[in-house]
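Let's take a friendly tour of this chain, going from its overall make-up to its interior and then to its surface. Keep the viewer open as you read.

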Amino acid sequence: MAGGRRKKLRLSKIYAYACGKASLQEDHSQIGGPGFSRVVDCNEPDCLEAEERKYCTNYVKTTKYTIATFLPKSLFEQFRRVANFYFLVTGILAFTELAPYTAVSAVIPLTIVIGATMVKEGVEDWQRTKQDIAVNNRKVKVLQRDGTFAYTKWRTLRVGDIVKVEKDEFFPADLMLLSSSYEDAVCYVETMNLDGETNLKLKQALEVTSFLHEDSDFRDFKAIIKCEDPNANLYSFVGAMEFEEQHHPLTPQQLLLRDSKLRNTDYIYGVVIFTGHDTKVMQNATDPPSKRSKIEKKMDRVIYFMFFVVFLMAFVGSVFFGIATDEDLEGEKMKRWYLRPDRSTIFFDPRRVTFASIYHFLTALMLYSYFIPISLYVSIEVVKVLQCIFINQDIQMYHEESDKPAHARTSNLNEELGQVDTILSDKTGTLTCNSMEFIKCSVAGTAYGRGVTEVEKAMDRKKGSRFVNGKLNGVNHVEDSTESKSSIKGFNFKDERIMNGNWVNQSHSDVIQKFFRLLAVCHTAIPEVNESTGKVSYEAESPDEAAFVIAARELGFEFYKRTQTSVSVRELDLVSGKKVDRLYKLLNVLEFNSTRKRMSVIVRDEEGKLLILSKGADSVMFERLAKDGSSFEDETRDHVNEYADAGLRTLILAYRELDEEEYKVFDQKFREAKNSVSANRETLLDEVTETVEKDLVLLGATAVEDKLQNGVPECIDKLAQAGIKIWVLTGDKMETAINIGYDFYSCSLLRQGMKQIIINLETPEIKALEKAGEKSALSKASKQSVLSQITMGKAQLTASGGSSGAFALIIDGKSLTYALEDDMKNMFLDLAIGCASVICCRSSPRQKALVTRLVKTGSGKVTLAVGDGANDVGMLQEADVGVGISGVEGMQAVMSSDVAIAQFRYLERLLLVHGHWCYRRISTMICYFFYKNIVFGFSLFLYEAHTSFSGQPAFNDWYLSLYNMLFSSSPFPVLYQEGVQNVLFSWKRIIGWMLNGVLSGTMIFFFCAKALQHQAFNSDGNTVGSDIFGATMYTCIVWVVNLQWAMAMKYFTFFHHLAMWTSIVLWYFFMFMYGNSSPIRSTNAYKVFVEALAPTPSYWLVTLFVVIVSLIPYFSYVAVQTRFFPMYHEMIQWMRNEGKTNDPEYCEMVRQRSLRPTTVGFTARLAARTSRIRDRNRRNTSHELVAVGTESRTTQTRHEV
């Protein structure tokens, strides 16, 4: 487009919100004040004034650390964890005489754990550093002092530099557009990196700089820009340019943001106004909300509990130590004479027993530190990273069509995926394809379009008939079902009455012409003509808009060219019957937004008529119709309702002619409002557009279908069977949402027999107050109405008494506003939780986020939000887990998510496979860590108690240090449990594992102690010392904790065997090698294994006996629990092992135990239907028994007579 012949255009009639020449006056009173103090000297970046302002450079750093700060900041992050800080303190104390072990053995494990985590963070930060280097070293053309443009690195750019950006290049900083390759100084910008949207945005320079088209034009260019200070608002900008002694207002229309890309434009010239971290994209680059999983939070509480236990044990031991030490010396008499209490140090001095007890308390804290698993945090991080790799590389979650795999953007929340209780989902683009198809329309009160939607098919099946054997909507679908579907994307319309030019034969052909002409003109789509085929394709801001222009093209109104002041359409002429090219001059575009809910264009046709063409939601369009311009309004309303019932998205189309004087007044006010830089600029614009968008003439209504994605029904049904609740938050009309819910293919969120609780504000009283405009009375009445409806809904739930009948809650956006207020939200939540389905209609992005927050905080359960658009970002960030769908609406949802997937159907595998495995593995891993440390630590405590709390360890220093790192397996158990109820990491299960550890430690200590006490240990008659006793007990612990891990698994793989047997073999290998080293190094472990343990049969016999006996309690518990109190997964195992998978009654009993009473999906529909049949058969059987009994009694009476 840019390469074609240029034509000078009149800028006073520029497309969209054009910048005129309005004077600044009071509107620019903010410029120069607080928040608006930035001054840019264009083309003078190195002038004295610019240097004095000291604006930041264009160098961007997104890393967490630098070379200088990495060590201190990383260490600070590591020791913020209470466990790591505890081990740091004990490591420091290990250098004192209080330590029961050497300092090296205490410091090295801590150093390894902290070092491993720091290396991980360093590698991650280095990846970010490389990205920063690549971005900062990109090059762009910058105006040099000699008047030429030369490539310069981004990082060297300064405020005031003039740059030239070419097609498909990124903008290196925030630029003020000066001119472009187009004569009217426009350009097209892709902002996907900023807001995730893939549609192109139109930008336009001021008219006064639009003539600067050549490099040489900028040699002597000078201007001063005064504007707002750096801020994070992407969609607003206030400023003014002083050029040639004239002031010109600046708006977002001239602002080109860093990291946006220039598209469909050969080049642009711009001046740098914000650099580096002052740019709007960097101002928005805040970290997403910090999320921690519930398991991690509970793990912290378990750690605190273990600290309490350690302090309690140390305190108790110190008290007993103090008592025993105080009794050692009574006058000159020594009770424990072999300790020589009369000449002992302060640590055992009976004369200073208080100090001795305090010192012992510190020694005990160090000794009992082995109750706290030092490697737990780093082990969990390693496991979570591996789990993320499994998710990212799962081929079954790879979408080949878009070439997008699943992507776990954070590893912190893996286990949360296995605990999801409620899913809050967007509909459009998430459950549906967001690929709209034009399927029906209503023109002049006549319905056109013979297609049948999926909802219509489902509704027909719901009524018990089969549409293929009859007619639906007056169409013979036996014939239609054999026709091939249209191959044109976005167009699935079939009606011979208006296709192929037949619309000219309709009685209201003039209305049809205006209808499709409006579709071809009223939009912001950009046509792209294929030079080889001549076919026209469109790039539109939304799939709806693309469907409309495609429909207009297919029905004879082809939009093929756009300039900034005109739209060209090739259409059929009613008079001549031939295709003609018509040009419509664009005067203004009143763009669509969520508040206006409509879009309009003001054009002048070839006959000189001024027309306003409007399309919008029925809720705002019908009230803007003229009294004499809606002769078929009732018919159109009926058709719109029918389309909504069929699950279609509808828009109303209308127009009117404007007189010249009216337009002149509007245009003047519109430009004044547009050029305003005051805070109420948007309000002024809305007020002005209200004056022209009125007294419209109705043309008709459109209906487009957004089909469900493949696999959505099966996915939601499986999730529902897993006990997960599903809420749908949509912007659709209530009628559309309800009927979509009935759709079999949308998983029967609503089903036959389900009682609906509908909350809305459509009562006559509320409507009367709306018309009267009494805002205070309306607000009060609306709130009271919503409260009353919620109360009545709760009463219905209570009256049902937990019966099998399920409820569905449907609420609209207006009612939701009041339901989410502080004094009502808890009542609303109670009602919603009691319902099987919850559908929130017409909900805004803010309401989506508030509903998600309410469910998360009110229920205390794990919530998961899933969406695909920028309007879902708040919801995704508010939920415990946010899942972004990389769909049609861009990547902003993905960029704000915790996990990204390409299709909704992958949610089934993400939650039920990966989430479930991640949850049970992490849960069992943590429990096992605490178990093995309690076994180890409690044996130390019992040894301490056995030796009068002397503070001497039972094991060698390095035995203590390497227990967690080498001799106990890294746990990766595979257990089948449900995570929704948090069964695997409940306090009951945690305490159970801890008690199991206490029991195992107790049995190991006492059996070892009794087996080795008061007898010869070997053939030489030697008795057992602390070195042999400690090594024997340590051996038993290594075997027990590893075999305990093996018993917790349901199947073995090569890696399981490798981990377990390697841990055991490493213990014997270490004991051999360490014991054969120098006595100075091995201390009391010298030659213990080679000379004392290995040759002695009693060592092996004691190990075998103690290990077996220590594991019997757990084995017995598991056997009894599995046999008499089986969990759900164990029942499934029984079904497989006992061959009961073919027993329908047993399978049904197991399945029903897993279902909630409020389950949705077609499985629930089938279960409900089966239940009704069973109840009916039971009633029939009882009636038959009563009849048989009556007949038998009558016969008996007759015999007696």
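In this predicted model, 54% of the chain's 1201 residues count as buried. The fold comprises 37 helices and 37 strands. If you look at contacts between residues at least 6 apart in sequence, 73% of them join residues at least 24 apart. About 54,500 Å² of the chain is exposed, and carbon and sulfur atoms account for 56% of that area.

Now for the interior. The largest nonpolar core contains 94 residues, and Tyr-368, Ile-372, Ile-926, Ile-1004 and Leu-1093 have the most contacts inside it. The top contributor to this core is helix α27, spanning residues 906-946, which supplies 17 residues. Apart from this core lies another one, of 74 residues, with Ala-444, Phe-548, Phe-559 and Phe-632 among them.

Leu-1093 is a good place to zoom in. Setting aside neighbours within four places in sequence, its contacts include Phe-1017, Ile-1028, Met-1071 and Trp-1100. Val-1088 and Tyr-1099 are also among the residues that Leu-1093 touches.

Three residues make a handy set for checking burial in your own software:

| Residue | Location | Relative accessible area | Class |
|---|---|---|---|
| Lys-384 | helix α9 (residues 376-392) | 5% | buried |
| Val-319 | helix α7 | 36% | partly exposed |
| Asn-710 | loop between β30 (697-705) and α18 (712-721) | 59% | exposed |

Why does Lys-384 count as buried? Its relative accessible area is 5%, and so it falls under the 20% cut-off. The side chain of Lys-384 makes a polar contact of 3.0 Å with that of Glu-415. Beyond its sequence neighbours within four places, Lys-384 is also in contact with Ser-293, Glu-296, Ser-411, Asn-412, Asn-414 and Ile-922.

Asn-710 sits in a loop and is exposed, because its relative accessible area of 59% is over the 50% cut-off. Its C-alpha atom is 8.3 Å from that of Gln-903, although the two residues are 193 apart along the chain.

Val-319 leads us to a nonpolar patch on the surface, where its companions include Phe-305, Phe-308, Leu-312 and Trp-987. Together, the residues of this patch have about 1,000 Å² of accessible area. Two elements, α7 (294-326) and α29 (987-1012), each give two or more residues to the patch. Which of the elements gives the most to the nonpolar patch? That is α7, with 8 residues.

Notes: Residues numbered from 1 in each chain as written. Predicted model: local features only at pLDDT ≥ 70, side-chain atom pairs only at ≥ 80, totals over all residues. Heavy atoms only, no water. Helix = DSSP H or I, 4+ residues; strand = E, 2+ residues; numbered from the N terminus. Buried < 20%, exposed > 50% of the residue type's maximum accessible area, 1.4 Å probe, protein only. Contact = heavy atoms within 4.5 Å. Areas by Shrake-Rupley, 256 points an atom, 1.4 Å probe, with all protein chains shown as cover. Core = buried A, V, L, I, M, F, W, Y, C linked by side-chain atoms within 4.5 Å. Polar contact = N/O pair within 3.5 Å; in protein donor to acceptor, adjacent residues only side chain to side chain. Patch = residues over 30% accessible without salt bridge, like charges linked within 9 Å, V, L, I, M, F, W, Y side chains within 5 Å. Salt bridge = Lys/Arg side-chain N within 4 Å of Asp/Glu carboxyl O.
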